[in-house]
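Colleague: I am new to this structure and would like to go through it with you step by step. Could you take my questions in turn and explain how each answer is reached?

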Amino acid sequence: MSITFGCFVGFILWFVVRYLVAGLYTVNQNERAVKTRFGRAVRVGNLTTLDDPVSAQLTPEQGERYCYPQVRVIQPGGPYFKWPWEKVHKVSIATGTVNMAWDPDEPSANASGSILEAVTKDQLNVGLNGQIRFRVSERNLYAFVFGVKNAYAHVMGYFVSVLRERIANFEAPRDVSADPSQPESAAAIGISINDIRKNMRDLNEHMDRECLSSAARYGILLDASLITGIDPPHEVESALAAINTAYNQVSSDISLAQAAADQKIVQSQRAVEIETLKAQAEVEPLSRLAAQLLDLKSRGSQALRAYVRNVRLSLFDKASQVFVETKHQ
């Protein structure tokens with residue numbers, strides 16, 4: 001009897017320790033958790049990610065493909081309790097930074113995750129390096145935990161495919177302030193790697209826009225991407241440097257010629273203004289004199305004759321010699 005009672009007490013103690021005490025758990029501040037019951041995630045009614053703003057960047061066709069149920073997210077804190085038939089999946093939501101050449105499935109790929117290769121529109125094989133900042137999306141934990149086998153591999157593959165497509169079709173935006181009737185300068189003639197280097201900010205902004213849907217696709221939010229360098233192949237690097245030097249020289253000559261032409265135009269405009277002012281200065285006294293004569297004429301012929309006589313007298317006073325015409329009788 002005592003042996004049976006002892007076994008019973010031992011079983012009770014084992015059950016309490018194994019399933020009740022061990023069922024307590026906590027969630028750290030940088031973690032979120034999802035609970036499953038008999039292998040099925042605890043969901044929020046019949047809501048899906050299409051009912052959440054996280055899917056706002058998806059097209060209708062993509063929405064049908066990446067439609068995941070919304071799950072109940074366990075926030076930091078505790079202790080919480082789970083039954084033996086329940087399992088807790090904890091996920092870190094801390095922001096991480098990796099090289100954009102990182103391959104989760106094959107760490108030795110892309111020169112051990114240091115350089116990502118891409119082909120430009122003029123068939124130039126270039127090496128890209130930079131960083132990606134990402135974190136797990138709390139709004140779509142189902143996709144990260146249950147939706148795909150390796151969410152990091154999927155999101156990196158998506159990022160690389162978008163980046164290579166953009167590099168292959170990149171064209172420098174045309175300067176809207178430039179005169180369309182004027183030919184493009186030599187520095188703008190199509191070498192794609194030069195266009196990409198000069199428009200690195202536009203390339204980074206394009207990647208940020210295109211990757212906004214990664215949270216709805218794979219449950220990982222790409223906070224930012226920063227492409228820091230684009231290197232041409234070693235065999236063409238010297239030739240490309242020589243071409244860039246020639247283009248820069250031609251561009252400099254064109255700029256100097258345009259500056260000289262602009263200076264001459266400004267000088268011509270100033271000369272015209274000066275001559276115009278001189279002509280106005282000469283015409284103004286004559287105009288005033290004409291106005292005075294018209295005023296005198298309106299007062300009578302005697303006033304006009306007196307004015308002419310006074311003018312002659314002042315001229316005679318200033319002259320050293322006077323020649324007077326006489327008529328012979």
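Modeller: Let us start with S214, which lies in helix α8, and please keep in mind throughout that this is a predicted model.

Colleague: Is S214 buried or exposed?

Modeller: The relative accessibility of S214 is 0%, and a residue is called buried when that value is under 20%. S214 therefore counts as buried.

Colleague: Which residue has its backbone oxygen 2.8 Å from a polar atom of the side chain of S214?

Modeller: Not counting residues up to four places away in sequence, S214 touches V155, G219, I220, L221 and L222. Among these contacts, one residue places its backbone oxygen 2.8 Å from a polar atom of the serine side chain, and that residue is I220.

Colleague: Turning to the nonpolar interior, which element gives the largest share of the largest nonpolar core?

Modeller: In soluble globular proteins, nonpolar side chains tend to be buried together. Here the largest nonpolar core holds 46 residues, of which L128, F159, L163 and I230 touch the most other members. The elements that give two or more residues to this core include β10 (116–119), β11 (125–136), α4 (141–147) and β12 (220–231). The largest share, nine residues, comes from α5.

Colleague: Which residues is L163 in contact with, once its neighbours within four places in sequence are left aside?

Modeller: L163 is one of the four residues that touch the most other members of the largest core. With the neighbours within four places in sequence left aside, its contacts are M100, L116, L128, L203, M207 and I227.

Colleague: How many residues make up the second, separate core?

Modeller: This second core is separate, and its members include Y25, V27, A33 and V88. Y25 and V27 also form the covered face of strand β1 (residues 24–27), whereas L24 and T26 form the uncovered one. The number of residues in the second core is five.

Colleague: What is the bridge partner of L24 in β7?

Modeller: Strand β1 pairs with strand β7 (residues 77–81) in the antiparallel sense, over three bridges. For L24, the bridge partner in β7 is F81.

Colleague: Coming back to α5, is V160 buried or exposed?

Modeller: V160 is found in helix α5, and, leaving aside neighbours within four places in sequence, V160 is in contact with M100 and L116. Its C-alpha lies 8.2 Å from that of A101, although V160 and A101 are 59 residues apart in sequence. Because its relative accessibility is 14%, V160 counts as buried.

Colleague: How does A168 count, given its 30% relative accessibility?

Modeller: A168 is also found in helix α5 (residues 151–168), and it touches V119, T120 and K121 when residues up to four places away in sequence are not counted. A168 and Q123 are 45 residues apart in sequence, and 8.3 Å apart in space from C-alpha to C-alpha. Because buried means under 20% and exposed over 50%, the value of 30% makes A168 count as partly exposed.

Colleague: Is the pair of F38 and W85 stacked or edge-to-face?

Modeller: A pair of aromatic rings is described by the distance of the centres and the angle of the planes. This pair links distant parts of the chain, with F38 in the loop between β2 (31–37) and β3 (40–41) and W85 in the loop between β7 and β8 (86–92), 47 residues apart. F38 is exposed, with a relative accessible area of 70%, while W85 counts as partly exposed at 41%. With 6.2 Å from centre to centre and 5° between the planes, the pair is stacked.

Colleague: Which arrangement do the rings of F144 and Y152 have?

Modeller: F144 is buried, with a relative accessible area of 15%, and Y152 is partly exposed, with 26%. The ring centres of F144 and Y152 are 5.5 Å apart and their planes stand at 85°, so the arrangement is edge-to-face.

Colleague: Finally, how many disulfides does a search of the whole structure find?

Modeller: Two cysteines may be looked at here: C67 is partly exposed, with a relative accessible area of 35%, and C211 is buried, with 2%. A disulfide would need a pair of cysteine sulfur atoms within 2.5 Å. For the whole structure, the number of disulfides found is zero.

Conventions: Residues numbered from 1 in each chain as written. Predicted model: local features only at pLDDT ≥ 70, side-chain atom pairs only at ≥ 80, totals over all residues. Heavy atoms only, no water. Helix = DSSP H or I, 4+ residues; strand = E, 2+ residues; numbered from the N terminus. Buried < 20%, exposed > 50% of the residue type's maximum accessible area, 1.4 Å probe, protein only. Contact = heavy atoms within 4.5 Å. Core = buried A, V, L, I, M, F, W, Y, C linked by side-chain atoms within 4.5 Å. Pairing = 2+ DSSP bridges. Phe/Tyr/Trp six-rings, centres within 6.5 Å; stacked < 30°, edge-to-face > 60°. Polar contact = N/O pair within 3.5 Å; in protein donor to acceptor, adjacent residues only side chain to side chain.
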